[in-house]
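Me: I should like to examine the terms applied to this model one by one. For each, please set the value against the criterion and then conclude.

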Amino acid sequence: MSQQKVVLAYSGGLDTACILKTLIQQGHEVIAYVANVGQLEDFDDIERRALATGASQVFVEDLRREFVTDFIWPAIAGKAVYEHRYLLGTALARPVIAKRHVEVARKVGASAVAHGATGKGNDQVRFELAFAALAPDLDIIAPWKDPKFLARFQGRRDLLAFAAEHDIPVEATAEKPYSSDENLMHRSYEAGLLEDPDIAPPADMFKLTRALDDTPDTPDTLVIRFKDACPIEVQHSSMGMSISDPIELLSYLNDVGGRHGIGRIDIVENRFVGIKSRGVYETPGGTILHAALRDLEGIAMDREVRRLRDMLSPRFAEIIYNGFWFSPEMDFIEAAFRKSSELIDGEVRLSLFKGNVMIEGRSSPSSLYDPDLSSMDVAGGYDQEDAQGFIRINALRLSAHRLIVQQTGDDDEID
Ligand SMILES: Nc1ncnc2c1ncn2[C@@H]1O[C@H](COP(=O)(O)OP(=O)(O)O)[C@@H](O)[C@H]1O
Ligand SMILES: [Mg+2]
C-alpha cells in the first residue's frame with residue numbers, strides 16, 4: 001500500500017493506540033481525530049497520548065450540540081426504537097462521528113480514513129457506509145479486517161506487549177470484564193462476561209442508573225415542553241428550575257432519570273451482520289423523552305398521520321441501527337417526519353419514580369382533543385343517531401361472512 005495521509009478515528013483506547021503506531025510503521029502520516037459525543041474522558045490526556053504515539057496532529061472535536069439537535073432529537077421525534085427496545089444510543093453517535101471525520105480529512109487533505117471497529121460488529125458498517133455516502137473518493141483503512149494485522153494481534157495480550165515494546169502510553173485503568181460505550185444519549189455494555197445471555201450483569205457495572213432498591217422514596221415531577229416534537233424546556237417546578245439548552249436538558253434528564261432507575265434494558269439483539277448479541281443499555285433521559293412525546297402525540301397528532309408514522313418508525317430504527325443515516329431512504333423519511341412533527345407542540349407533566357415514567361397531564365396549543373365531543377354528558381355537535389348508520393355499514397361485511405360460513409357448514413368458529 002502506498003504511503004498516505006490518514007485521519008484515524010482515535011478513541012484513546014489500547015486498540016486505536018496500537019493501530020496509530022502500526023499505520024506510522026507502514027509509512028503513513030497519521031492525524032488523530034477524537035470525537036467528544038459526551039463521554040466522560042480526559043480529552044487533554046487523549047491528545048497527549050496520541051502525540052506521544054506519533055500522530056502528526058490531533059483534532060479533538062466537540063460534537064455534542066450537533067449530536068443532540070441533529071441526531072438524538074430527530075430519532076426521538078420519529079420514535080426510533082430498534083426491535084421494540086433499544087433506543088439506539090451508539091447507532092446515533094456513529095454518523096455524527098463519521099461526518100466530522102470526513103470533514104477533518106478534507107481539512108488536512110487526507111486521502112484515507114481509518115477506524116478501529118472490529119469485523120464482527122455494527123460499527124464498522126455504520127462508519128464505512130457513512131464514508132461511502134459522504135466521501136466515496138477516500139480510501140478506508142480498517143485494520144481489524146486486515147489478515148496481517150489480525151495475525152499479529154490475536155488478543156489483548158498482543159496489544160499490550162506491542163504497546164510496551166513501542167512505549168505507547170495506555171490508560172492506567174484496569175481492564176473491565178465487558179466493553180462499554182458512552183455518550184450523551186446512553187451507556188452500553190456488551191462482550192466479556194455479558195456474552196452468556198443467561199447471566200445477570202454485575203450490580204456495580206451500571207453507571208447512569210441506580211438499582212431500584214437505591215432510588216428515592218419520593219418522586220420528582222417535571223414539565224417537559226416540546227416544539228415541533230423537539231424538547232425545548234424542562235422545568236422542575238418544586239425546585240424552581242428551568243433548562244432549555246439542549247445539552248444541559250438531556251444531561252439533566254439523564255441525572256434525574258438515572259437517580260430514579262429509569263431506562264435500563266437487557267436484551268439480545270440482531271446485529272446487521274447476522275449475529276445475535278447480548279446488550280445492556282442505560283438511557284434514562286431518552287426513555288423519559290420517548291414517553292413524554294408519545295403522550296403529547298396522543299393529544300396533538302392526527303390519527304391517520306400517527307398510523308402512517310407508526311408504520312415507518314420501525315423501519316426508521318432499522319435504517320439508523322444498520323448504518324444508513326446518510327441515504328436516500330433516510331432523506332425520504334426525514335421529510336415525512338418533519339411534516340408530521342409540525343403541530344407536535346405543548347407540554348407534558350410527569351413523575352419519575354422507581355423506574356417508572358408516569359404521565360400526569362398534558363396540554364397543547366394544537367390540541368385536537370375536543371372536550372365536548374369526547375364527553376359522555378354533552379352532545380357537542382355529535383349526533384348519536386349517526387352512530388347507528390356507522391355501525392350498520394361497518395357490520396355489513398361481518399353479517400355477509402356469517403351467512404356464508406353457515407351455508408357452507410364451515411361455522412365451527414362459534415361452537
Ligand atoms: N469518540 C470517538 N472518537 C473517535 N473515534 C472513535 C470514537 N469512538 C469510537 N471511535 C472509533 O470507532 C472504533 C470503534 O469504537 P469502539 O467499539 O467504541 O471501540 P473503542 O472505543 O474501544 O476503541 C474505534 O476504534 C475508533 O476508531
Ligand atoms: Mg468506544
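Me: What share of the 415 residues in the protein is buried, and what makes a residue count as buried?

Reply: In this predicted model, buried residues make up 45% of the 415 residues. A residue is counted as buried when its relative accessible area is under 20%.

Me: Why is Ala229 called buried, and why is Asp228 called partly exposed?

Reply: Ala229 has a relative accessibility of 2%; the cut-off is under 20%, so Ala229 counts as buried. Asp228 has a relative accessible area of 34%. That value falls between the limits of 20% and 50%, and Asp228 is therefore partly exposed. Asp228 is in the loop between β8 and β9, and Ala229 is also placed in the loop between β8 and β9.

Me: What is notable about phi in Asp228 and Ala229?

Reply: Phi is positive, about 50°, in Asp228, although Asp228 is not a glycine. For Ala229 phi is near 70°, again a positive value in a residue other than glycine. Most residues other than glycine have a negative phi.

Me: Which strands make up the open sheet, and what makes β10 and β14 its edges?

Reply: The sheet has five strands in the order β10-β9-β8-β13-β14, with antiparallel pairing. β10 (241-243) and β14 (356-363) each have a single partner strand, so one side of each is left without a neighbour in the sheet. On average, neighbouring strands are turned by 25° against each other, direction ignored.

Me: How do you know that β8 and β13 are paired?

Reply: Pairing requires at least two bridges, and seven bridges join β8 (residues 220-227) to β13 (residues 346-353) in the antiparallel sense. The two strands therefore meet the criterion. Val223 has Arg349 of β13 as its bridge partner. Helix α8 (residues 246-259) packs on this sheet, touching β8, β9 (230-236), β10 and β13. The direction of α8 makes about 55° with that of β9.

Me: How are β13 and β14 connected, and how many bridges pair them?

Reply: β13 and β14 form a hairpin with two residues between them. They pair in the antiparallel sense over seven bridges, and Val348 stands opposite Arg362 in β14. Lys354, in the turn, has a positive phi of about 50°.

Me: What makes the largest nonpolar core a core, and why is it said to lie between two domains?

Reply: The term denotes buried nonpolar residues joined through side-chain atoms within 4.5 Å. The largest such set has 78 residues, and those with the most contacts inside it are Phe67, Leu88, Ile224, Leu253 and Ile320. Helix α4 (residues 89-108) gives the most to this core, with 10 residues. Domain 1 (5-175) and domain 2 (180-301 + 343-363) both contribute residues, so the core lies between them. A second, separate core of 27 residues includes Leu20, Leu23, Phe43 and Ala112.

Me: Which residues does Ile224 contact beyond its neighbours within four places in sequence?

Reply: Its contacts include Pro231, Val234, Leu253, Ile288, Leu289 and Ala292. Gly346, Val348 and Leu350 are also among them.

Me: Why are α5 and α10 called roughly perpendicular?

Reply: The axes of α5 (residues 123-134) and α10 (residues 303-322) cross at roughly 90° and come within 8 Å. Angles from 65 to 115 degrees count as roughly perpendicular, so the description applies to α5 and α10. Val125, Arg126 and Leu129 of α5 make the contact with Ile320, Tyr321 and Asn322 of α10.

Me: Is Asn122, in the loop between β4 and α5, buried or exposed, and how do you know?

Reply: Asn122 has 8% relative accessibility; the cut-off is under 20%, so Asn122 counts as buried. Leaving aside neighbours within four places in sequence, Asn122 is in contact with Glu269, Arg271, Phe272, Val273 and Tyr321.

Me: What places Phe149 of helix α6 in the buried or the exposed class?

Reply: Phe149 lies in α6 (residues 147-152). Its relative accessibility is 5%, and the limit is under 20%, so Phe149 is buried. Not counting residues up to four places away in sequence, Phe149 touches Ile19, Thr22, Pro143 and Trp144.

Terms used: Residues numbered from 1 in each chain as written. Chains lettered and ligands numbered in written order. Predicted model: local features only at pLDDT ≥ 70, side-chain atom pairs only at ≥ 80, totals over all residues. Heavy atoms only, no water. Buried < 20%, exposed > 50% of the residue type's maximum accessible area, 1.4 Å probe, protein only. Helix = DSSP H or I, 4+ residues; strand = E, 2+ residues; numbered from the N terminus. Domains from an automatic or database assignment. Contact = heavy atoms within 4.5 Å. Axes fitted to C-alpha atoms, helices over the stretch in contact; angles between N-to-C directions. Parallel < 35°, antiparallel > 145°, perpendicular 65-115°, else oblique.
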